[in-house]
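Reader: I am new to this structure, and I would like to ask how its descriptive words are earned. Could you take me through the reasoning behind them?

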Amino acid sequence: MLKCAERFGRLQSDSATAIPSDVLNRARGIIILHHLKAGFLGGGDGGHGVALVRHPQTGRWSAPAFVASGGASFGFQAGVKQSTVVYVLMDDRALGSLVNGSLNVGADVGAVAGPRNASVRGDTITATAPILIYDDSGGLFAGFALKGSAIRPAGQANRVYYGRTLPQIVFEHSVQPTPSGIVVVESLHRAAGQAMHPAYGVPY
């Protein structure tokens, strides 16, 4: 979990990849994934990370729940690509996929590359998108790929860590973040230019 906060911090530290604070302040939820993709001609991809949802009334972020992704890729491709991918969930359509237990980006819910700081104001293309995607890529991956990769709850990890399911963790807001979870939440508040919510025991 601390690795997710670290990767998110690195993405935010680079002006070329950082998510604008305006986007984070409007976000309904967020998924932070460490994603690895490899292949030659045909290939596969997978990832693991956390998902959080913001309470609609209080603005408080939920405890981070564990998620995983995986899928096959088709088309000419070669090399390895390792990246931090952040999915910013902007509306009920995106959150609904988490309720149902699986999010197939681009198939179940539309997604577009998120705006950067220079273009976020006055942006009309991404203003109504359910999901905005940001990434900080490393390594090399060449070619065009059509992928069918779903983000799903890491059920066993959530049961062992919290004793709850993903919907219970992120939507009921009754699960308190652990110390490492608070680090993730704090990194989101810092990136959005917000103080921590008093429910976390940190001055507001």
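Author: Let us begin with the word "loop", which depends on what counts as a strand: strands are DSSP runs of at least two residues, numbered from the N terminus. The model is predicted, and in it Arg54 is found in the loop between β2 (42-53) and β3 (65-74).

Reader: What is the secondary structure of the protein as a whole, and in what order do the elements run from the N terminus on?

Author: The protein has six helices and eight strands, and from the N terminus on their order is α-α-β-β-β-β-α-β-β-β-β-α-α-α. Of its 204 residues, 45% count as buried.

Reader: How do you know whether Arg54 has a salt bridge?

Author: A salt bridge needs a side-chain nitrogen of Lys or Arg within 4 Å of a carboxyl oxygen of Asp or Glu. For Arg54, which is buried, the nearest side chain of opposite charge is Asp22 at 10 Å, and Arg54 has no salt bridge.

Reader: What does the side chain of Arg54 reach, then, and which residues is Arg54 in contact with?

Author: The side chain of Arg54 reaches the backbone oxygen of Leu24 at 2.4 Å, a value to be set against the 3.5 Å limit for a polar contact. Leaving aside its neighbours within four places in sequence, Arg54 is in contact with several residues, including Leu24, Arg28, Trp61 and His173.

Reader: What makes the pairing of Asp22 with Arg26 a salt bridge?

Author: The closest N and O atoms of Asp22 and Arg26 are 3.3 Å apart, and the limit is 4 Å, so the pair qualifies. Both residues lie in helix α2 (residues 21-26), four residues apart, which is about one turn of the helix. Asp22 has 30% relative accessibility and counts as partly exposed, and Arg26, with a relative accessible area of 39%, is partly exposed too.

Reader: Why can the salt bridge of Arg28 with Asp92 be said to tie parts of the protein together?

Author: The closest N and O atoms of Arg28 and Asp92 are 2.9 Å apart. Arg28 lies in the loop between α2 and β1 (29-40), whereas Asp92 lies in helix α3 (residues 92-100), so the pair ties together parts that are 64 residues apart in sequence.

Reader: Why is Asp92 called exposed and Asp91 buried?

Author: Exposed means over 50% relative accessible area and buried means under 20%. Asp92, at 53%, therefore counts as exposed, and Asp91, at 15%, is buried. The side chain of Asp91 also meets that of Arg93 in a salt bridge of 2.5 Å, N to O.

Reader: How do you know that the buried residues of α1 line one face of the helix?

Author: The buried residues of α1 are Cys4, Ala5, Arg7, Phe8, Leu11 and Gln12. Seen down the axis of α1, they fall within an arc of 165°, so they line one face.

Reader: What makes Thr178 partly exposed, and which residue does its side chain join in a polar contact?

Author: Thr178 has a relative accessible area of 22%, and partly exposed is the class between under 20% and over 50%, so the label follows. Thr178 is found in the loop between α5 (166-171) and α6 (179-192), and its side chain joins that of Tyr161 in a polar contact of 2.7 Å.

Methods. Residues are numbered from 1 along each chain as its sequence is written. This is a predicted model: local features need pLDDT of at least 70, side-chain atom pairs count only at pLDDT 80 or more; totals for chains, interfaces and linings use all residues. Side-chain values use heavy atoms; hydrogens and water are left out. Buried means under 20% relative accessible area, exposed over 50%, partly exposed in between (1.4 Å probe, protein chains only). Lys and Arg count as positive and Asp and Glu as negative; His and the chain ends are not counted. A polar contact is a pair of N or O atoms within 3.5 Å; within protein, one must be able to donate a hydrogen and the other to accept it, and residues adjacent in sequence count only if both atoms are side-chain atoms. Contact means heavy atoms within 4.5 Å. The arc is that of the directions from the helix axis to the C-beta atoms.
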